[in-house]
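Here's an informal walk through one model, meant to be read with the viewer open. We'll go through a sheet, the nonpolar cores and some charged pairs.

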Amino acid sequence: MSTDRDNTLAADEPLTPENMAAGWVAMPEAVEVDSEQEGGTDRLMSQDEIDTMLGFTSGDDKDDRNGIQAIVDSGSVAYERLPMLEIIFERLVRLLSTSLRNFFTDNVEVTLESIRSVRFGDYINSISQPALLSVFKAEEWDNFGLVTIESALIYSVLDTLFGGKRGQPAPRIDGRPFTSIEIRLIRRVIALVLSDAEAAFKPLSPVSFNIDRVESNPRFVSISRPANAAIRVELRFDMEGRGGALHILLPYATIEPIRELLLESFMGEKLGRDPTWESHLATEVWQADVDVTCVLHETQMPLKRVMRLEIGDTLMFDARPDTSVSLRCGDFVVSDGRIGRVDGKIAVQVTGPLRRSKTTLAAFDSLASQFGAQT
């Protein structure tokens with residue numbers, strides 16, 4: 001009863017420091033009364049309350065996440081926004097399987113383990129030593145990327161090239177830096193990987209990957225800011241019991257010039273290009289019927305004069321019989337011509353070259369030459 005009375009007085013009285021102090025004094029009594037009614041303040045949380053606090057809800061909607069899970073997810077960027085990347089790197093795996101088999105003269109299986117979005121600083125800190133890191137430059141994109149070869153793959157490559165026994169893991173030698181001969185051999189493997197990467201990107205956007213330098217210390221490969229996002233592609237090499245992982249890191253700033261192309265979602269080996277469909281479409285376009293309009297002359301006049309026109313009025317055009325006319329297809333000007341008469345019919349003689357629209361499809365160019373030869 002005393003608690004209710006104090007709350008009533010506190011609500012009616014003005015807000016002053018004295019009243020606030022009195023309210024704080026009365027709060028422990030209120031908590032004690034409530035705790036006696038509810039059975040104590042040390043109540044165990046239910047599983048639903050724990051999941052809500054941590055952000056692990058039963059729904060799959062990522063926009064509704066909260067708590068600790070929302071904080072963790074805010075630091076990552078989903079690579080699924082660029083669906084063409086997976087198609088490109090799957091093509092890279094097929095190319096590498098053939099190139100590495102010819103390079104090692106042995107069976108090499110290449111698999112695409114994962115494609116993830118990471119922060120550049122987090123990735124650099126997660127690299128385990130010893131490792132070799134190659135910085136390469138994408139000339140057409142005017143930016144850099146990174147290729148990381150783990151120690152297990154390095155020793156497996158060296159053991160294979162120097163004639164090691166099959167089916168046995170390559171011996172790992174710690175405590176010494178890589179020699180110049182080992183770095184040169186690994187550099188050849190990196191050049192082979194980048195060459196196949198160029199072929200994988202070529203149908204989408206031609207690019208040249210050139211090795212800039214090879215480092216063994218991750219601190220010397222600062223190609224981006226630590227907080228910037230990047231795409232990390234992990235490839236797994238298996239050479240009959242030997243092998244390891246190779247990582248390709250592409251900062252988002254590097255692939256920004258082709259971001260619009262990576263947003264497309266095409267399926268198939270041709271990366272969206274179908275020559276059969278292109279040829280069929282070009283054929284249908286060239287066989288389509290269009291209406292061509294011959295415009296003798298155009299003039300402008302005030303609206304008030306147009307409103308005063310009556311039946312029988314004559315409009316004078318500033319044109320002569322030998323004045324060129326305009327041939328139009330819709331709103332597009334096709335060519336110029338001269339009006340005349342042939343066999344009792346009005347005709348138009350084309351006097352200027354056709355104004356063709358610019359196109360990048362080779363099928364249209366070939367069909368255009370054939371059409372011109374037939375006419």
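## Strands, cores and charges

Start at Cys329, which stands opposite Phe332 in β9. Keep in mind as you click around that this is a predicted model. Cys329 sits in a stretch where β8 (residues 325-329) and β9 pair in the antiparallel sense over five bridges. Their hairpin has two residues between the strands, and Gly330 takes a positive phi near 70° there.

Now step along to the next pairing. β9 (residues 332-342) also pairs with β10, again antiparallel, this time over six bridges. Two of the matched positions are easy to pick out: Arg338 has Gln349 in β10 as its bridge partner, and Gly340 has Ala347 in β10. The β9 and β10 hairpin also has two residues between the strands, with Asp343 at a positive phi near 55°.

Put those pieces together and you get an open sheet of four strands in the order β7-β8-β9-β10, with antiparallel pairing. Its edges are β7 (293-295) and β10 (345-350), each of which pairs on one side only. How far are neighbouring strands of this sheet turned against each other on average? By 45°, if you ignore direction. As background, strands of a sheet pair through backbone hydrogen bonds, either parallel or antiparallel.

Over to the nonpolar side of things. In soluble globular proteins, nonpolar side chains tend to be buried together. Here the largest nonpolar core has 49 residues, and the members touching the most others are Phe89, Phe201, Phe209, Leu235, Leu246, Ile248 and Leu262. Which elements each supply at least two residues of this core? On the helix side they are α5 (84-104), α7 (151-161) and α8 (180-201). On the strand side they are β1 (109-119), β2 (131-138), β3 (143-150), β5 (229-239) and β6 (242-251). The most comes from α5, with ten residues.

Leu246 is a handy one to select if you want to see that packing. Leaving aside residues up to four places away in sequence, Leu246 touches Val147, Thr148, Ile149, Leu153, Val193, Val233, Glu234, Leu235 and Phe237. Apart from the largest core lies another one, of 13 residues, including Val118, Ile124, Ala131 and Val135.

Glu234, one of the contacts of Leu246, leads straight to the charged pairs. A search of the whole structure turns up eight salt bridges, and the table lists some of them.

| Pair | Closest N to O distance |
|---|---|
| Arg213 and Asp212 | 2.8 Å |
| Glu215 and Arg213 | 3.6 Å |
| Glu234 and Arg236 | 3.3 Å |

How do the partners in the Glu234 and Arg236 pair sit with respect to solvent, buried or partly exposed? Glu234 counts as buried because its relative accessibility is 14%, under the 20% cut-off. Arg236 is at 32%, so Arg236 counts as partly exposed.

Asp212, Arg213 and Glu215 are linked in a network of salt bridges. Arg213 takes part in both of the listed bridges here, one with Asp212 and one with Glu215. What about the exposure of these residues? Asp212 has 42% relative accessibility and so counts as partly exposed. Arg213, at 27%, is partly exposed as well. Glu215 has 21%, and since buried means under 20%, Glu215 also counts as partly exposed.

How values were computed:
Residues numbered from 1 in each chain as written. Predicted model: local features only at pLDDT ≥ 70, side-chain atom pairs only at ≥ 80, totals over all residues. Heavy atoms only, no water. Pairing = 2+ DSSP bridges. Axes fitted to C-alpha atoms, helices over the stretch in contact; angles between N-to-C directions. Core = buried A, V, L, I, M, F, W, Y, C linked by side-chain atoms within 4.5 Å. Buried < 20%, exposed > 50% of the residue type's maximum accessible area, 1.4 Å probe, protein only. Contact = heavy atoms within 4.5 Å. Salt bridge = Lys/Arg side-chain N within 4 Å of Asp/Glu carboxyl O.
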